[in-house]
Amino acid sequence: YLSLVVWLISICAMAFPSGPHPSPLALVFALGALLLFERRPLWAGALVGLCLAWRIEFAAYLGLGIVLALAISTAAPAERLRQIGRIVIGAVVVAAIAYLPVILAAGVAQSWDLLIRYPIEDFSAYQALPFPRLYNGALTSIDDWAGALLPFYLPLALLIALLSGLVTIALCFLRQRDWPLIAAGVFAIGMAHYMLVRPDYFHTAPLAVTASILAAWAIAAASASQSNRSSVSVRSAAATLFAAVTVISLAYLTVQSVARRWLQVSEPVVALTTPVAKPVRAEAAAAVPLDEAVSYVQANSSPGQPIYVVGRRADITTAGAPLIYVLSERPNPTRYDIAAPGVLTSAPVQEEIVTDLVRTKPKLIVRWDSPTTAAPEPNLSGRSSGVRILDRYIADNYHQSVRYGDWVVLSADSAS
């Protein structure tokens, strides 16, 4: 039954939000590595490398957890070193294959700045959100409970499930049996850190999966420990207590997951008509304008001809729409697909983008004129950088041709 509960929580967590994101693939590779590292360390290392290609921080926690688990395993010291070596070799080879084209194209300095320095030094300052504490929204309908209250306390429930599960496992820990759990435990702690930086839907999903797995293991371990002991000790009593907390947390995660999924599937949706998007479905209010904008771009530009996609403002960016490049099958003439605050909002990057636009002269620019792209978040991304070089260039050289909902297609003045 526990495995079915974990399955249910996991599929519901990964099904919402349904937009494209690198975390699901990174999580798949991570879980695969956790399943393989005891028997196939080289293949597990390769999966760590694939995970690294999608989310560097996931791979860092994953690799650390696997190495620590192998270091305390019951194998002979020489065998432990051999297994760790295979993990490292597999990860390095695959990661090198994945990142070498990027480094050759962007250069070592630029790659280091955007792949390593920015996530470590700037991400929290620009994209961190406060941890939810007290819900003060409406509770007048089932939708308010299922779609607002339960998700609001999801980060707290996940932390409780993780902590109670880890304590339970620690109280029942037997090295001979449980040393592989170290890897999953460290990775889950990493997913908790990932969530704490920005506790939104995208960042809670990986922890929902890993915390529920650990919670199930913890409940099973406490149950087995109780059945194998003839007398009650302080340690076994504590394990039972924390296991009970884990059960309650897992129940909350189950109810929240099912309620959110029920709301999701009960919403009316339509299929996107863009061939590349089939069989993707979305709410009509989002799908129809998006289809219309993409169709206009395809009808008024040639295959291979670049377009550029911008948000509402260049000095503030909290979301971008690189999906337009994929749906329209038109390339981006710049190096910046992702609208990362602190990068896109800086003067050097905007100057580089303008230089690329002047050089390539795209006929069309698509502006996602949604409040989402310039939301007033309580971090640096919600504050103006004061840099509007890109906005001024677009205003001086492009004019609005059509608008479909939040999607505005701008045409070059010279082509009008």
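This section describes the second largest pocket of a predicted model and the packing of helix α11 against helix α12. Residues are numbered from 1 along each chain as its sequence is written. In this predicted model, local features need pLDDT of at least 70 and side-chain atom pairs pLDDT 80 or more, while totals for chains, interfaces and linings use all residues, and side-chain values use heavy atoms, without hydrogens and water.

The second largest pocket has a volume of about 260 Å³ (a pocket is an open set of points on a 1 Å grid over the protein atoms alone, where a 1.4 Å probe fits, with protein on both sides within 12 Å along at least five of seven lines; lining residues have an atom within 4 Å of a point). Of its 13 lining residues, L34, L35, A184, I213 and W217 are the closest to the centre. Two or more residues each are given by α2 (23-36), α10 (181-197) and α11 (201-227) (helices are DSSP runs of H or I, at least four residues, numbered from the N terminus). The largest share, four residues, comes from α11. By class, the lining has eleven nonpolar, one polar and one charged residues.

Helix α11 also packs with α12 (residues 234-266), at an angle of about 140° and with the axes 9 Å apart (angles run from 0 to 180 degrees between N-to-C directions). The two helices α11 and α12 are therefore oblique (not under 35, over 145, or 65 to 115 degrees), and their crossing is left-handed (the near helix is turned anticlockwise from the far one by less than a right angle). In the contact (heavy atoms within 4.5 Å), residues of α11 including S212, A215 and I219 meet residues of α12, among them A239, A243 and L250. The contact residues divide into eight nonpolar, five polar and one charged.

Key: Points joined across faces, edges and corners; volume = space filled by probe spheres on them. Nonpolar A, V, L, I, M, F, W, Y, C, P; charged D, E, K, R; others polar.
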